[in-house]
Amino acid sequence: MNKIAKGLLRLLTEIIAVTVLVVVISIFTDGMYLFGLPNLDDIRSVDISCSTVTADVKEVSSREDMELALKLTGFLKYDLFKKADSDEEPLIAVTYHCKDGTDKTISANDTTVWWNSKAYVIKDKELFVNLTEGVFFPGAQPAA
């Protein structure tokens, strides 16, 4: 029995080591996801502003649009090892109005994301801004 337990412990240790290695490599190559985003069921509505196309704020409250606004944050994976330029201004701001009365805001431009009072360098440059403009502001003319 002792031999079986040692074999299982060794297998478990190897599985954990390989899993940690895969996660670390994934973070290095693909970037890190934002943590602390609200759950879809906790969101009442979402405000989206895009300074490149309009000065107006678009409010969405349908479940489908709120889910889309939440899923777009998947394109904001950031590089853990680069320092963001704090002088830049955001182009997109997404505010999640939660049912408990709190608001959570994510701001981004082509290279930087601001979340929880911190700035991070976006791994996939321009993708989030372009997708958000195309999905929520289709056909809009650039702001003057």
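1. In this predicted model, the side chains of H97 and D103 are joined by a polar contact of 2.8 Å. H97 lies in strand 4, which spans residues 92-98. Its relative accessibility is 13%, so H97 counts as buried, the cut-off being under 20%.

2. The surroundings of H97 deserve a remark. Leaving aside residues up to four places away in sequence, H97 touches D42, I43, R44, S45, V46 and D47, together with T102 and D103.

3. Salt bridges form the next topic. Side chains of opposite charge can pair when their charged atoms come close. The count for this model comes to four salt bridges, and three of them are described below.

4. E14 and R10 form a salt bridge in which the closest N and O atoms are 3.3 Å apart. Both residues belong to helix 1 (residues 2-30), and because they are four residues apart, about one helical turn separates them. E14 is partly exposed, with a relative accessible area of 39%, whereas R10, at 59% relative accessibility, counts as exposed.

5. R63 and D41 meet through their side chains in a salt bridge, at 3.0 Å from N to O. This pair links distant parts of the chain, 22 residues apart: R63 is in helix 2 (residues 63-71), and D41 is in the loop between helix 1 and strand 1 (43-50).

6. A salt bridge also connects K123 with D79, with 3.7 Å between the closest N and O atoms. Here the partners are 44 residues apart, K123 being in the loop between strand 7 (118-122) and helix 3 (127-136) and D79 in strand 3 (residues 78-79). K123 counts as partly exposed at 26% relative accessibility, while D79 counts as buried at 12%.

Key: Residues numbered from 1 in each chain as written. Predicted model: local features only at pLDDT ≥ 70, side-chain atom pairs only at ≥ 80, totals over all residues. Heavy atoms only, no water. Helix = DSSP H or I, 4+ residues; strand = E, 2+ residues; numbered from the N terminus. Buried < 20%, exposed > 50% of the residue type's maximum accessible area, 1.4 Å probe, protein only. Polar contact = N/O pair within 3.5 Å; in protein donor to acceptor, adjacent residues only side chain to side chain. Contact = heavy atoms within 4.5 Å.
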